[in-house]
Amino acid sequence: MTTPTLQLTIDCAEPRRMVAFWSEALGYVPEPPPGGHATWREYWADMGVPAAELPPGAGETPESIVDPEGQGPRVWFQQVPESKVTKNRLHLDLKVGGGRDVPLAVRTERVTATVDRLKGAGATILRIMDEPEMEYYAVVLQDPEGNEFCVV
């Protein structure tokens, strides 16, 4: 029996935009097409995927990102026709604060710096969870297509 690996698949309208945003958010890089192919579309065609199954423009630019260190999961942005309509049932936490062993003021500074960087990349703030009595600070954001995630 083989050990399963994890790929995170995110449905979206604009894979190119999501690749750019989440590469910035996670420190990942766009995944190059395999086997010396010029594009993913060319790779898929060589695999036998019918052109009718590929939306216009699909695979012309990378639609997935990978951890350059090889530690994190591959993230694939799957183009779908429908838009997001409800709250996520699964979300990502970007843990940048350093954990409870780091003073709250330092964690807050780290979270704020990351939030500011991601706002510049297209994120919007939904709410700030500032609870000093609980030694907790986090920010809930949305990516460019409205998917919620937290910076903690």
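Twenty-three is the number to start with: the largest pocket is lined by 23 residues, and Ile 10, Asp 11, Lys 84, Asn 88 and Asn 147 are the ones nearest its centre. The model is a predicted one, and in it this pocket has a volume of about 500 Å³. Strand β1 gives the most to the lining, with five residues.

Stepping back to the chain itself, there are three helices and eight strands. Read from the N terminus, the elements run β-α-β-α-β-β-β-α-β-β-β. The C-alpha trace spans about 60 × 35 × 30 Å along its principal axes. Of the 152 residues in the chain, 34% are buried. As for contacts with a separation of 6 or more, residues 24 or more positions apart account for 58% of them.

The strands turn up in two open sheets, taken here in turn. One of these has four strands in the order β1-β4-β3-β2, with mixed pairing. Strands β1 and β2 (29-30) sit at its edges with a single partner strand each, so each has one side left without a neighbour in the sheet. Inside the sheet, β3 (residues 64-66) and β4 run antiparallel and are joined by two bridges. Ile 65 has Val 75 in β4 as its bridge partner. Helix α1 lies across β1, β2, β3 and β4, and runs at about 155° to β4.

The other open sheet also has mixed pairing among four strands, this time in the order β5-β8-β7-β6. Here the edges belong to β5 (92-94) and β6 (124-131), and since each has a single partner strand, one side of each is left without a neighbour in the sheet. From one strand to the next the twist averages 20°. Helix α3 lies across β5, β6, β7 and β8, running at about 10° to β7.

Strand β8 is a handy place to look at this second sheet in detail. With β5 it pairs in parallel, through three bridges, and Leu 92 stands opposite Phe 149 in β8. With β7 the sense is antiparallel, over four bridges. Two of the matched positions are Val 139, which stands opposite Val 151 in β8, and Gln 142, whose bridge partner in β8 is Glu 148. Strands β7 and β8 also form a hairpin, with five residues between them. In that turn, Gly 146 has a positive phi of about 90°. In a regular strand, side chains alternate between the two faces of the sheet. In β8, Glu 148 and Cys 150 point one way while Phe 149 and Val 151 point the other way, and all of them are buried.

Two of those β8 residues come up again in the packing. In soluble globular proteins, nonpolar side chains tend to be buried together. The largest nonpolar core here has 23 residues, and those with the most contacts inside it are Trp 22, Phe 77, Leu 118, Phe 149 and Val 151. At least two core residues each come from β1 (7-12), α1 (15-26), β4 (74-79), α3 (104-120), β7 (136-142) and β8 (148-151). Helix α1 supplies the largest share, five residues.

Trp 22 makes a good landmark within this core. Leaving aside residues up to four places away in sequence, Trp 22 touches Gly 27, Ile 65, Phe 77, Leu 92, Asp 143 and Phe 149. Several of these have already appeared: Ile 65 is the residue bridged to Val 75, and Leu 92 and Phe 149 are the pair that stand opposite one another where β5 meets β8. Phe 77 and Phe 149, for their part, are among the residues with the most contacts inside the core.

Finally, there is a bit of enclosed space to account for. The count comes to one cavity of 30 Å³ or more, and about 40 Å³ of space lies in the largest cavity. Lining it are Trp 40, Trp 44, Glu 63, Ser 64, Arg 74 and Trp 76. Helix α2 (40-47) and strand β4 each supply at least two residues of this lining.

Notes:
Residues numbered from 1 in each chain as written. Predicted model: local features only at pLDDT ≥ 70, side-chain atom pairs only at ≥ 80, totals over all residues. Heavy atoms only, no water. Core = buried A, V, L, I, M, F, W, Y, C linked by side-chain atoms within 4.5 Å. Buried < 20%, exposed > 50% of the residue type's maximum accessible area, 1.4 Å probe, protein only. Contact = heavy atoms within 4.5 Å. Pairing = 2+ DSSP bridges. Axes fitted to C-alpha atoms, helices over the stretch in contact; angles between N-to-C directions. 1 Å grid on protein atoms, 1.4 Å probe; cavity = no way out; pocket = protein on both sides within 12 Å on 5 of 7 lines; lining within 4 Å. Points joined across faces, edges and corners; volume = space filled by probe spheres on them.
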